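Subject: Handover of a structure and findings

Dear colleague,

Please find below the structure that I am handing over to you. My findings follow directly after it, and I would ask you to read them with the model open.

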Amino acid sequence: MAWYRKAAAHDDARALNNLGVKLEFGHGCEKNEVEAVKCYRRAAELGSIWGMYNYADMLEDGRGPLQR
């Protein structure tokens, strides 16, 4: 988690998406869907196809806020 957070802080799209996955499902951390959707959204903004997919999936299911 520490390395994903460090890379995400530097706008690494892959790290942001992976951090979102961990937060969404509680892998190695406490589950936090609100933070997960923020990570997915930022990854999507940076061009990550998986970030776009995961962000859309959470919004479609009504999980996470629409705003940052």
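I begin with Asp11, which is found in the loop between helix 1 (2-9) and helix 2. Please keep in mind throughout that this is a predicted model. The phi angle of Asp11 is near 60 degrees, a positive value in a residue other than glycine. With a relative accessibility of 37%, Asp11 counts as partly exposed.

Helix 3

Most of my notes concern helix 3, which covers residues 33-45. At 1.5 Å a residue, its 13 residues should span 18 Å, and the end C-alpha atoms are indeed 18 Å apart, so the expected and computed values agree.

Both ends of this helix deserve a look. At the N-terminal end, Asn32 acts as a cap, with a side-chain oxygen 3.2 Å from the backbone nitrogen of Val34. Just after the helix, Gly47 takes a positive phi of about 100 degrees.

Which residues of helix 3 are buried? They are Ala36, Val37, Cys39, Tyr40, Ala43 and Ala44. Seen down the helix axis, these buried residues fall within an arc of 160 degrees, so they line one face of helix 3. Their packing partners are helix 2 (13-25) and helix 4 (49-60).

Salt bridges

How many salt bridges does the structure hold? The count is eight, and I describe some of them here.

Two of the salt bridges join residues within helix 3. In one of them, Lys38 pairs with Glu35, and the closest N and O atoms are 3.4 Å apart. These two residues are three positions apart in the helix, about one turn. A general rule helps here: an α-helix has 3.6 residues a turn, so residues three or four places apart point the same way. Both partners are partly exposed, Lys38 with a relative accessible area of 35% and Glu35 at 32%.

The side chains of Arg42 and Glu45 also meet in a salt bridge, with an N to O distance of 3.1 Å. Arg42 and Glu45 again lie three residues apart in helix 3, about one turn of the helix. Arg42 counts as partly exposed at 26% relative accessibility, and Glu45 counts as partly exposed at 35%.

A further salt bridge links Asp57 with Arg63, where the closest N and O atoms are 3.7 Å apart. Asp57 is partly exposed, with a relative accessible area of 26%. Salt bridges that share partners join Glu24, Glu33, Asp57, Asp61 and Arg63 into one network.

Cysteines

Why do Cys29 and Cys39 not form a disulfide? A disulfide requires two cysteine sulfur atoms within 2.5 Å. The sulfur of Cys29 is 9.6 Å from the closest cysteine sulfur, in Cys39, and is therefore too far away for a bond. Seen from the other side, the closest cysteine sulfur to that of Cys39 is in Cys29, again at 9.6 Å. The count of disulfides accordingly comes to zero. The surroundings of the two residues can also be described: Cys29 counts as partly exposed at 22% relative accessibility, whereas Cys39 counts as buried at 9%. The cut-off for buried is under 20% relative accessible area, so Cys29, at 22%, is not classed as buried.

With kind regards

Notes. Residues numbered from 1 in each chain as written. Predicted model: local features only at pLDDT ≥ 70, side-chain atom pairs only at ≥ 80, totals over all residues. Heavy atoms only, no water. Salt bridge = Lys/Arg side-chain N within 4 Å of Asp/Glu carboxyl O. Helix = DSSP H or I, 4+ residues; strand = E, 2+ residues; numbered from the N terminus. Buried < 20%, exposed > 50% of the residue type's maximum accessible area, 1.4 Å probe, protein only. Expected span 1.5 Å × (residues − 1). Arc of directions from axis to C-beta. Contact = heavy atoms within 4.5 Å. Polar contact = N/O pair within 3.5 Å; in protein donor to acceptor, adjacent residues only side chain to side chain.
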